[in-house]
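Colleague: I would like to go through this model with you. Short answers, please, each ending on the value or name I ask for.

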Amino acid sequence: MSIGAVLAFLRDDFPEVTISKIRFLEAEGLVEPQRTPSGYRKFGPADVERLAYVLRMQRDHYLPLRVIREHLDAIERGEQPPALPAADARPGPLEEADRELVAASGQAPGVRLGRAELLAAAGAEERDLAEWESYGLVVPGPDGGYDAETLQIARLVAELGRFGLEPRHLRQVKAAAEREIALVDQVVAPLRRHRNPQTRAHAEATARELATLAVRLHATMVQAGLRGHS
């Protein structure tokens, strides 16, 4: 099958998949299609099955690619892959917010992606990224690259777009985030200006804690408001 045929086949179960996503999974070594003499990809049934497995593990169990690769390696060896997390063990909005903040903080390994890598990882097209940047939702770094936090923003913006929320609708979310940033800065700014390195380190820890609390408060208020509409 060509990559276009694979895309059409997978979209019945995974409507969010894109050619960029398939190419990204290939670049990560999760699938290795054959190549014709002219360089075109040719996917066999086993390749399509692997792709479906990867997409299912991401969608249903939130497994990172590293863990999915371990599962696939175990299956190829004829071994039983590690047990999957139960459906009721999936994180809720508050736990997800906390996890994302920790993953994007300075405690996580640094990530620098180029433009093409960001598009592939977020499952987006060039026109999507251009629009996100025009609204200030996604901003490249001084070197033109993108970090882990920006990748997470891109993924969330793309996911919201599948529900019909366009970048222009998300300006309110960005404005709310900027107000929360100003609130946190107001608290930690005096600590950041201190000469003592330990005090400055305390400022960063305090900023992360305040950010976590602000996100939890925001998520809880949204949940409470939606329950009031039911």
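Colleague: What is the separation between the backbone oxygen of H202 and a polar atom of the side chain of T206?
Modeller: This is a predicted model, so the value is computed from predicted coordinates. T206 lies in helix α10. From the backbone oxygen of H202 to a polar atom of the T206 side chain, the distance is 2.8 Å.

Colleague: Does T206 count as buried or exposed?
Modeller: Buried means under 20% relative accessible area. T206 has 16% relative accessibility, so T206 counts as buried.

Colleague: Which residues in α10 are buried?
Modeller: The helix covers residues 197–229. T206 is on the list of its buried residues. The full list is T199, A203, T206, A207 and A219.

Colleague: Which backbone nitrogen does a side-chain oxygen of N196 reach at the start of α10?
Modeller: The contact sits at the start of the helix. The side-chain oxygen of N196 comes to within 2.8 Å of its partner. That partner is the backbone nitrogen of Q198.

Colleague: How far does α10 reach from its first C-alpha to its last?
Modeller: The helix has 33 residues. At 1.5 Å a residue, 48 Å is expected. The model comes close to that, with a reach of 49 Å.

Colleague: Now the whole chain. What pattern do its helices and strands follow along the sequence?
Modeller: There are ten helices and two strands. Of the 230 residues in the chain, 30% are buried. Read along the sequence, the pattern is α-α-β-β-α-α-α-α-α-α-α-α.

Colleague: Which residues have the most contacts inside the largest nonpolar core?
Modeller: In soluble globular proteins, nonpolar side chains tend to be buried together. Here the largest nonpolar core has 41 residues. Those with the most contacts inside it are L10, I22 and W132.

Colleague: Which element gives the largest share of this core?
Modeller: Several helices give two or more residues to the core, among them α1 (3–10), α2 (19–27) and α4 (65–76). Also included are α6 (115–122), α7 and α8. The largest share is seven residues, and it comes from α3.

Colleague: Is L55 buried or exposed?
Modeller: L55 is found in helix α3. Its C-alpha is separated by 9.8 Å from that of K21, 34 residues apart along the chain. At 4% relative accessibility, L55 counts as buried.

Colleague: What separates the C-alpha atoms of A121 and K21?
Modeller: A121 is found in helix α6. A121 is buried, with a relative accessible area of 7%. A121 and K21 are 100 residues apart along the chain. Their C-alpha atoms are separated by 6.6 Å.

Colleague: And what separates the C-alpha atoms of D47 and P33?
Modeller: D47 is found in helix α3. Its relative accessible area is 13%, so D47 is buried. D47 and P33 are 14 residues apart along the chain. The C-alpha separation is 6.5 Å.

Colleague: Which residues lie nearest the centre of the second largest pocket?
Modeller: About 320 Å³ of space lies in this pocket. Its lining has 19 residues. Nearest the centre are D128, W132, A158, G161 and R162.

Colleague: Which element gives the most to the lining of the second largest pocket?
Modeller: Two elements give two or more residues to this lining: α7 (126–134) and α8 (148–161). The most is four residues, and the element that gives them is α7.

Colleague: How many charged residues are in the lining of the second largest pocket?
Modeller: The lining holds eight nonpolar residues. Three are polar. The number of charged residues is eight.

Colleague: Last one. Is D128 buried or partly exposed?
Modeller: D128 is found in helix α7. Its C-alpha is 9.7 Å from that of G161, and the two residues are 33 residues apart along the chain. The relative accessible area of D128 is 25%, so D128 is partly exposed.

Key:
Residues are numbered from 1 along each chain as its sequence is written. This is a predicted model: local features need pLDDT of at least 70, side-chain atom pairs count only at pLDDT 80 or more; totals for chains, interfaces and linings use all residues. Side-chain values use heavy atoms; hydrogens and water are left out. The expected span of a helix is 1.5 Å times one less than its number of residues. Buried means under 20% relative accessible area, exposed over 50%, partly exposed in between (1.4 Å probe, protein chains only). A polar contact is a pair of N or O atoms within 3.5 Å; within protein, one must be able to donate a hydrogen and the other to accept it, and residues adjacent in sequence count only if both atoms are side-chain atoms. On a 1 Å grid over the protein atoms alone, a cavity is a set of points where a 1.4 Å probe fits but cannot get out, and a pocket is an open set with protein on both sides within 12 Å along at least five of seven lines; lining residues have an atom within 4 Å of a point. Grid points are joined across faces, edges and corners, and a volume is the space filled by probe spheres set on the points. Ala, Val, Leu, Ile, Met, Phe, Trp, Tyr, Cys and Pro count as nonpolar, Asp, Glu, Lys and Arg as charged, and the others, Gly among them, as polar. A nonpolar core is a set of buried Ala, Val, Leu, Ile, Met, Phe, Trp, Tyr and Cys residues joined through side-chain atoms within 4.5 Å.
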